[in-house]
Amino acid sequence: MHYPHGSSRQDRAKAFFYKLLGTTMKSASTIVAIVASAASVAAFISPSCRSHENQTPSSAVSMSGSVSTLADAPAAIAAAVATDDESKIFDDADDDMIEFVCNDIGAELREQQAELQLPSDYDTKEDDILASLFGSNEIRNDFFRNMFGHRVAYFPSNRHRLLKPPMSGFDLSSLYDTNEWISLRKRGSQDMLDKEQTSYDDLTEYIAGGGSAIIPVIPGDYLHDTKEQIDHALGVTGEFGTSMNVYHSGPSAVALNIHYDSYPVIVLQLQGQKEWIIQNDNFGQNVNDITDWRNVTLTEGDLLYIPKGVHHAATGDPEHGSTHATIGLP
């Protein structure tokens, strides 16, 4: 999404929400009409597709415990009075290594973050898969020491990546052949892919038409070895390991509406670009209470960390497809 030069964060946040709603109508009466219309439609839950072997994908939920729907968005627009303060940088973090970090998520939400028991020597390993994920040994160490469990952080590859990411590009045909848990998403609709009904060509046509495929990485998938290497580096295994889901989206696609995840996630952009909007205040509250949002556009190799319980949403590039992998931490 392109914005006029000098546009405020508030304007960018509003523009992003209108894009999620699929409308450019900005009058108050129109927003009220959208809310009323959406309220009459069956609620659409936005699943996170966290899964392990022999488990079906589970669901992401709204902070209030109810489902997260497009009807949440207009109220959030009305409340989105973004701050102009650009100084929200974690004092203990090296701001030369990151593009931004968001506000501290607060004591209440921090207490809900599960502790990650990293191997004692994780910060002494040179160029391991975690360093590759974050771009360097230094950034890996700084993240786990100072930012994990405290706030959102974004690591752009064009500024700080010294190591190649452990994943890049995307092989949809391979995952179509090996995976039975592909979920199809398109603005308020969701279906599990049935290979007897949907061929690979049908799937690619669906994606090109603005749909998304959410694919939980399972044994047999070409990305599963990478997932296991990350698990090993984090010191987690089996049912206590990470989840990994690939989100492959067509032009302007929105796979999941505004939601939060019940676990922290690390997002690696594999190809194309995707724009995110992320909660930056009133953590632990309903989405309608959020008044400050951060915007970031991920390009290939960029990394984004979102703690458990932080509302967010993403939309694909309007001209091309986009793919990212989400690693759900235990």
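## Residue N146 in helix 6

N146 is buried, with a relative accessible area of 17%. It counts as buried because the cut-off for that word is under 20%. The residue belongs to helix 6, which covers residues 137-147. The side chain of N146 is in polar contact with the side chain of D142, at 2.7 Å. In an α-helix there are 3.6 residues a turn, so residues three or four places apart point the same way.

## The model and its confidence

The structure is a predicted model. Its mean pLDDT over the chain is 77, and 70% of the residues reach a score of at least 70. Residues 1-95 have a pLDDT below 50. In the model this stretch nevertheless has 196 contacts beyond near neighbours in sequence. Where pLDDT is low, the predicted coordinates should not be read in detail.

The elements of the chain also vary in confidence. Helix 2 (residues 28-39) has the lowest mean pLDDT, 35, while helix 8 (residues 172-178) has the highest, 98.

## The chain as a whole

The chain contains 10 helices and 12 strands. It has 330 residues, and 54% of them count as buried. Among contacts with a separation of 6 or more, 78% are between residues 24 or more positions apart.

## The open sheet

How many strands form the open sheet, and in what order? There are 9 strands, in the order 1-2-10-7-12-6-5-3-4, and the pairing is antiparallel. Strand 1 (100-101) and strand 4 (189-192) are the edge strands, each of which pairs on one side only. Strands of a sheet pair through backbone hydrogen bonds, either parallel or antiparallel.

Strand 10 (residues 303-306) has strand 2 (residues 153-155) as one antiparallel partner, joined by 3 bridges. Here Y154 stands opposite L304. Strand 7 also runs antiparallel to strand 10, and 4 bridges join the two. In this pair, I266 has Y305 as its bridge partner. From strand 10, L303 and Y305 point one way and L304 and I306 the other way; all are buried.

Elsewhere in the sheet, strand 5 (residues 212-216) and strand 6 (residues 243-249) run antiparallel and are joined by 5 bridges. One residue of this pairing is I215, whose bridge partner in strand 6 is V246.

## Strand 11

Strand 11 is largely enclosed by the rest of the structure, because 5 of its 5 residues are buried. Both of its faces are covered. H312, A314 and G316 lie on one side, A313 and T315 on the other, and all are buried.

Strand 11 runs antiparallel to strand 8, with 5 bridges between them. Within this pair, I277 stands opposite A313.

## The largest cavity

The structure holds 3 cavities of 30 Å³ or more. The largest cavity has a volume of about 180 Å³. Rolling a probe the size of a water molecule over the atoms shows where empty space is left.

Which residues lie nearest the centre of the largest cavity? They are Y247, L256, H259, W276 and H324, out of 19 lining residues. Strand 7 (265-271), strand 8 (273-279), strand 11 (312-316) and strand 12 (322-328) each supply at least two residues of the lining. Strand 11 gives the largest share, 3 residues.

## Helix 10 and the loop before it

Y222 sits in the loop between strand 5 and helix 10 (224-234). Is Y222 buried, exposed or partly exposed? Y222 is partly exposed, because its relative accessible area is 35%, and that term covers values between 20% and 50%. Leaving out residues up to four places away in sequence, Y222 touches F170, D171, S174 and L175. A polar atom of the Y222 side chain lies 3.0 Å from the backbone nitrogen of D171. Y222 and T178 are 44 residues apart in sequence, and their C-alpha atoms are 8.5 Å apart in space.

The buried residues of helix 10 are H224, T226, K227, I230, D231, A233 and L234. Their cover includes helix 5 (129-134), helix 6, strand 6 and strand 12. Helix 6 is also the place of N146. After helix 10 comes G235, which has a positive phi, near 80°.

Methods
Residues numbered from 1 in each chain as written. Heavy atoms only, no water. Helix = DSSP H or I, 4+ residues; strand = E, 2+ residues; numbered from the N terminus. Buried < 20%, exposed > 50% of the residue type's maximum accessible area, 1.4 Å probe, protein only. Polar contact = N/O pair within 3.5 Å; in protein donor to acceptor, adjacent residues only side chain to side chain. pLDDT = per-residue confidence, 0-100. Contact = heavy atoms within 4.5 Å. Pairing = 2+ DSSP bridges. 1 Å grid on protein atoms, 1.4 Å probe; cavity = no way out; pocket = protein on both sides within 12 Å on 5 of 7 lines; lining within 4 Å. Points joined across faces, edges and corners; volume = space filled by probe spheres on them.
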